[in-house]
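Colleague: I would like a close look at one part of this protein, the helices and the charged pairs that go with them. Please then place that part in the rest of the fold.

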Amino acid sequence: MPKPTLDDTDQALLALLRENARAPTAELARKLKLSRTTVQSRMERLQRQRVIAGYTISVPDEFEASLVRAHVLITLVPKQSAAIELALRKIPELRVLHSVSGPFDLIAIVAASSIGELDRLIDRIGALDGVERTTSAIVLSTRIER
């Protein structure tokens, strides 16, 4: 599928949906100064093109304030990426997994109920067959999230 081209209206619609993915179509239309049917058809087109791949929840920090979050930088043994990804998918504490360039292969964002649980979680990730090494950084606060 070719890469979709997004015009300024598509970009504005996506920005509004990032703020509130459950915003009513009528509200989006009002903010964009478009008809409700135009907004609906644009959303359907963006979904077909997989620009909008789904709707999700975002749990505010105050609801997860008791959790200890960390970024776990993972270095893999060569050619182990698929197996590691499959194993990491089974870890419910894992929130996000990025494949990255540079000295690390993956960055996992995890959340645990305590420092002790986080320590055990990082050990569990490090013990996966194909993980060469992990380095972690505990998140103190989130300054900007879009």
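Modeller: What follows starts with one helix and its neighbours, then turns to the salt bridges and the sheet. The model is predicted.

Helix α2 covers residues 25–32. Its buried residues are Thr25, Leu28, Ala29 and Leu32. Viewed along the axis of α2, these buried residues fall within an arc of 100°, so they line one face of the helix. The spacing fits a general rule: an α-helix has 3.6 residues a turn, so residues three or four places apart point the same way. The cover over the buried residues of α2 includes α1 and α3. Just after α2, Lys33 has a positive phi of about 60°.

The axes of α2 and α3 come within 8 Å and cross at roughly 105°. This crossing makes α2 roughly perpendicular to α3, because angles of 65 to 115 degrees are counted that way. On the α2 side, the contact is made by Thr25, Ala26, Leu28, Ala29 and Leu32. On the α3 side, Arg36, Val39, Gln40 and Met43 take part.

Helix α3 is also joined to α1 by charge. Arg45 and Asp10 form a salt bridge through their side chains, with N to O at 2.7 Å. Arg45 belongs to helix α3 (residues 36–48) and Asp10 to helix α1 (residues 8–19), so the bridge links distant parts of the chain, 35 residues apart. The two partners can be told apart by their accessibility: Asp10 is buried, at 2% relative accessibility, while Arg45 is partly exposed, at 22%. Asp10 and Arg45 also belong to a network of salt bridges that links them with Asp7 and Arg42.

The search of the whole structure gives eight salt bridges. Among them is a bridge between the side chains of Glu85 and Arg89, at 2.8 Å from N to O. Glu85 and Arg89 are four residues apart in helix α4 (residues 81–89), which means that about one helical turn separates them. Glu85 is partly exposed, with a relative accessible area of 32%, and Arg89 is exposed, at 62%. Glu117 and Arg120 form another salt bridge, their closest N and O atoms being 2.8 Å apart. Both residues of that pair lie in helix α5 (residues 115–126), three residues apart, about one turn of the helix. Glu117 is partly exposed, with a relative accessible area of 33%. In general, side chains of opposite charge can pair when their charged atoms come close.

Helix α5 leads to the sheet. It lies across β1, β3 (106–112) and β4, and runs at about 155° to β4. The sheet is open and has four strands in the order β2-β3-β1-β4, with antiparallel pairing. Its edge strands are β2 (94–99) and β4 (131–138), each of which pairs on one side only. On average, neighbouring strands of the sheet are turned by 20° against each other, direction ignored. Strand β1 (residues 68–76) pairs with β4 in the antiparallel sense over seven bridges. In one of the bridges to β4, Leu76 has Val131 as its partner.

Definitions and conventions:
Residues numbered from 1 in each chain as written. Predicted model: local features only at pLDDT ≥ 70, side-chain atom pairs only at ≥ 80, totals over all residues. Heavy atoms only, no water. Salt bridge = Lys/Arg side-chain N within 4 Å of Asp/Glu carboxyl O. Helix = DSSP H or I, 4+ residues; strand = E, 2+ residues; numbered from the N terminus. Buried < 20%, exposed > 50% of the residue type's maximum accessible area, 1.4 Å probe, protein only. Pairing = 2+ DSSP bridges. Axes fitted to C-alpha atoms, helices over the stretch in contact; angles between N-to-C directions. Contact = heavy atoms within 4.5 Å. Arc of directions from axis to C-beta. Parallel < 35°, antiparallel > 145°, perpendicular 65-115°, else oblique.
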